[in-house]
Amino acid sequence: MNRIGNELNKIVNRSLDRHVRLAVTGLSRAGKTAFITSLVNQLLHVSTNPRLPLFSAVRDGHLLGAKRVPQADMHVPKFGYDEGMNSLLSSPPEWPEPTRDVSQTRLALRYKPQKGPMKLLQDTATLYLDIVDYPGEWLLDLPLLEMDYLAWSQQQKKLLKGRREELAREWLVMAEQMDPMAPADEKQLEQLSALFTEYLYKCKAEGGLHWVQPGRFVLPGELAGAPVLQFFPFVWANKYSEQQLQQADEHTNFGVLKSRYKYYQQHVVKGFYRDHFSKFDRQIILVDCLQPLNAGPESFNDMRQALDQLMQSFKYGRSSLLRRLLSPRIDKVLFAATKADHVTPEQHPNLVSLLQQIVNDAWQTASFEGIKMDCISLSSIQATEPGFVSYQGQQMPALRGHTLTGQAQTLFPGEVPRRLPNDEYWQEHGFDFVNFRPLEIQSDEPMPHIRMDKVLDYLLGDKLR
């Protein structure tokens with residue numbers, strides 16, 4: 001009965017537009033955990049928050065307050081807001097721990113309706129906001145739903161060049177010695193899968209690469225050690241005829257690799273998509289443009305390719321009452337360049353322009369479906385303060401802050417290109433965008449930020465009128 005009651009409650013809330021499920025999307029290290037922590041913090045302080053002048057519901061007094069309430073999905077762990085705040089309030093302050101598994105939080109926002117049936121029915125109303133956090137690496141598995149094992153293997157083969165080929169050398173040498181038509185050797189498959197997983201770890205940690213697939217291999221969660229994570233792409237298909245590969249039964253090395261991929265695809269990836277990503281109403285896509293610029297052209301282009309693959313997995317379409325009740329669709333998308341406080345203020349327009357270039361293909365797709373979109377730069381939790389330094393008799397823009405090791409710095413980190421860098425640009429320019437630790441804050445005040453008020457207004461403003 002409780003389950004039926006929960007479902008009916010969800011339907012009523014959707015029919016009255018009182019429930020928003022927000023997708024906070026981004027690749028690894030894009031700042032999802034920091035963003036969610038800041039979003040919750042800003043909303044919990046709305047009654048006394050001077051940092052939200054661009055959030056119309058606060059500016060005009062429509063939003064009365066917010067509080068954390070028990071989430072509806074009781075099987076999903078709670079988002080670690082308190083743990084994140086403890087890190088930010090420590091001395092010296094530290095960034096919250098990155099996401100390692102799925103988690104969720106729910107906020108109840110009490111407001112005064114300004115129009116529509118809600119204004120006629122009651123003086124105050126409640127909007128429920130559900131936010132789901134998840135590892136960025138898991139997102140990169142969504143495109144697997146469109147590929148069989150051989151198609152995925154061929155795609156992975158195309159990626160094995162440059163830095164990737166170097167990092168994969170040990171796995172490639174050892175795996176090429178495997179006979180795909182021989183009876184399955186569980187021990188050999190386990191060893192080769194471990195080498196493949198090690199290659200993925202190196203891509204993430206050493207190569208500055210973002211397209212790490214399958215994502216669960218580097219952040220397995222509850223699947224650590226399970227056979228479903230013991231497969232790898234077969235990139236030597238050109239040595240065998242299509243008929244040979246098709247005839248390899250399930251008891252061969254090739255057959256086991258193929259069946260494990262299919263199980264991973266159908267049970268792990270599809271389950272994750274069904275339980276979370278098919279149900280979102282609004283979406284913010286966080287993109288860290290600075291780290292890939294630091295790492296060089298291969299890392300930067302890899303990030304662009306990963307984002308392009310990722311965006312093909314989301315369903316867009318105009319929101320309507322029928323769709324909200326039966327099959328919700330994302331009807332608003334916000335692209336956000338994170339770490340805006342890691343460049344000087346006059347570089348923010350360049351950061352937005354660069355992001356627009358990066359997400360252009362996804363933007364065109366969403367535009368065709370009639371989705372409302374915007375593109376901004378933001379800092380969820382501010383880590384620097386703008387200032388000036390004297391250089392050759394002139395005052396130059398600079399940033400003041402402390403590096404992750406605690407060293408005080410005042411510097412100009414560099415210019416952000418307005419457009420996608422070409423080969424000539426990479427040869428002439430270098431980037432050195434320093435990572436800073438958060439600014440110190442008091443427990444009774446909202447966190448300093450850049451444009452979180454604009455983000456809140458875009459994602460929630462129309463729901464609080």
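A residue is called buried when its relative accessible area is under 20%. In this predicted model, C203 has a relative accessible area of 0%, so C203 is buried. Keep that cut-off in mind as you explore the close-ups below.

**View 1. Cysteines without a disulfide.** A disulfide is a covalent bond between the sulfur atoms of two cysteines. How many disulfides does the count give here? The count comes to 0. Take C375 as an example: the nearest cysteine sulfur belongs to C289 and is 8.4 Å away. Since a disulfide needs sulfur atoms within 2.5 Å, C375 is in no disulfide. C375 is also buried, with a relative accessible area of 7%.

**View 2. Two domains and their contacts.** The domain assignment gives domain 1 (18-139 + 281-383 + 440-461) and domain 2 (148-273). Their C-alpha centres lie 34 Å apart. Where the two domains touch, 22 residues of domain 1 are in contact with 21 residues of domain 2.

**View 3. The largest nonpolar core.** In soluble globular proteins, nonpolar side chains tend to be buried together. The largest nonpolar core in this model has 90 residues, and W171, F232, Y264 and F335 are the ones with the most contacts inside it. Which helix gives the largest share of this core? That is helix α12 (residues 253-275), with 9 residues. Domain 1 and domain 2 both give residues to this core, so the core lies between them. A second, separate core has 44 residues, including A66, M85, I131 and M452.

**View 4. Y264 and F231, partners in contact.** Setting aside neighbours within four places in sequence, Y264 is in contact with ten residues' worth of company that includes D141, L144, R216, V228 and F231. F231 is found in the loop between α10 (186-205) and α11 (242-247), and F231 counts as buried at 0% relative accessibility. With the same kind of neighbours left aside, the contacts of F231 include W152, S193, F196, L257 and Y264. P214 and F217 appear among the contacts of Y264 and among those of F231. For a sense of scale, F231 and L245 are 14 residues apart in sequence and 16 Å apart in space, C-alpha to C-alpha.

**View 5. Two helices that cross.** Two packed helices are described by the angle between their axes and the distance between the axes. Here the axes of helix α2 (residues 32-44) and helix α19 (residues 452-460) come within 11 Å and cross at roughly 85 degrees. That makes α2 roughly perpendicular to α19. Which residues meet here? From α2 come F35, S38, L39, Q42 and L43, and from α19 come M452, V455, L456 and L460.

**View 6. Unusual backbone spots.** Most residues other than glycine have a negative phi, and most peptide bonds are trans. The peptide bond from S91 to P92 is cis, with omega near 0 degrees, and P92 lies in the loop between α4 (81-89) and β3 (103-111). Another cis bond joins Q213 and P214, with omega about 5 degrees; P214 sits in the loop between α10 and α11. K339, which is not a glycine, has a positive phi of about 60 degrees. K339 is in the loop between β6 (332-337) and α16 (348-358) and is partly exposed, at 25% relative accessible area. R451 also has a positive phi, near 70 degrees. R451 belongs to the loop between α18 (423-428) and α19 and is partly exposed, at 28%.

Notes
Residues numbered from 1 in each chain as written. Predicted model: local features only at pLDDT ≥ 70, side-chain atom pairs only at ≥ 80, totals over all residues. Heavy atoms only, no water. Core = buried A, V, L, I, M, F, W, Y, C linked by side-chain atoms within 4.5 Å. Buried < 20%, exposed > 50% of the residue type's maximum accessible area, 1.4 Å probe, protein only. Helix = DSSP H or I, 4+ residues; strand = E, 2+ residues; numbered from the N terminus. Domains from an automatic or database assignment. Contact = heavy atoms within 4.5 Å. Axes fitted to C-alpha atoms, helices over the stretch in contact; angles between N-to-C directions. Parallel < 35°, antiparallel > 145°, perpendicular 65-115°, else oblique.
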